[in-house]
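User: Take a close look at one part of this protein, namely how its strands pair and what lies against them. Go through it step by step.

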Amino acid sequence: MVVAGRRKTIAFFIALGVGLISISLLLYIGWVLLNWRHGVLLVLGILLLLTIISGVVLNTIFLVREIRRNEQKDAFINAVTHELKTPVASIRLYLETLQTRPVDEAKRKEFYGIMLNDSERLLATIEQVLRTGRMGASSRKLNVSRIDIDALVEECMARSRMLHGLPPESLRYQPCRPIAILGDMDEVRAAVSNLIDNAVKYSGNDVKVTVETAEVDGKFVAVRVKDEGAGIPRNDLKRVF
């Protein structure tokens with residue numbers, strides 16, 4: 001309902017801008033036909049018309065951009081809220097189980113393991129939120145260092161297996177060759193982890209994710225994450241940010 005309301009708002013502002021420009025053009029054309037002999041007034045009228053049209057177009061662009069930015073913020077907040085509530089609810093459930101009834105030692109250890117995994121997931125989400133906030137700080141300096149990309153990808157895959165309880169064969173890595181890059185370790189790790197986690201989340205029940213690395217122009221390294229999920233409909237691709 002909120003998305004539909006915002007789309008109607010965007011359509012309203014676009015229609016308003018087009019309407020104002022059309023009315024201005026019609027009025028101006030009529031004015032020119034009646035006063036075509038007054039050259040100076042014609043030039044001034046053209047400048048005035050262009051100014052009005054430019055103002056209407058810029059105003060419409062800024063309004064639409066602001067509405068889309070607010071929509072993205074709401075989507076981000078909703079996603080973060082879900083990612084925070086899920087592990088908290090899981091930890092609470094297992095703690096209540098341990099508190100209300102006797103559990104044998106094997107089951108207790110299993111519960112502890114699940115709660116630790118959920119805690120790691122919760123901490124990872126909080127770190128992503130904090131990292132997103134830091135990205136907006138223009139004064140922040142990157143801590144550039146030499147990174148073994150193979151070791152980093154393996155680390156991110158191992159973390160994803162632990163968080164989602166996946167068998168080893170669910171995540172495969174196909175490196176091009178041993179290679180190192182220059183970058184901020186925390187930022188690169190966050191980017192690769194997000195790609196892998198999203199591939200796992202949207203793969204459905206049968207998780208088969210492949211991570212590949214490849215050299216690009218001898219200067220860069222491309223990291224490709226492939227999954228066999230349903231994918232994103234073409235009409236929704238423009239909403240991905």
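Analyst: Two strands pair if DSSP finds at least two bridges between them. Helices (H or I, at least four residues) and strands (E, at least two) are DSSP runs, numbered from the N terminus. The model is predicted, so local features need pLDDT of at least 70 and side-chain atom pairs pLDDT 80 or more, while totals for chains, interfaces and linings use all residues. Residues are numbered from 1 along each chain as its sequence is written, and side-chain values use heavy atoms, without hydrogens or water.

First, the setting. The protein has five helices and five strands, and along the sequence they follow the pattern α-α-α-β-α-β-β-α-β-β. Three of these strands form an open sheet with the order β2-β4-β5 and mixed pairing. Strands β2 (171-174) and β5 (220-226) are the edges; each has a single partner strand, so one side of each is left without a neighbour in the sheet. From one strand to the next, the twist averages 20°.

The mixed pairing can be followed strand by strand. On one side of the sheet, β2 runs parallel to β4, and four bridges join the two. Among the residues involved, L171 has V209 of β4 as its bridge partner. On the other side, β4 (residues 209-216) and β5 run antiparallel and are joined by seven bridges. There, T210 is partnered by K226 of β5. Strand β4 therefore sits between β2 and β5 in the order of the sheet, with β2 and β5 at the edges.

The link between β4 and β5 is a hairpin with three residues between the strands. In this hairpin, D217 takes a positive phi near 60°.

Next, the cover. Six of the eight residues of β4 are buried (under 20% relative accessible area with a 1.4 Å probe, protein chains only; exposed is over 50%, partly exposed in between). β4 is thus described as mostly covered. For the protein, buried residues make up 27% of its 241 residues.

A helix also lies against this sheet. Helix α4 (residues 149-164) lies across β2, β4 and β5 (contact means heavy atoms within 4.5 Å). The helix runs at about 175° to β2, with axes fitted to C-alpha atoms, for helices over the stretch in contact, and angles from 0 to 180 degrees between N-to-C directions. Across the protein, 70% of the contacts with a separation of 6 or more are between residues 24 or more positions apart.
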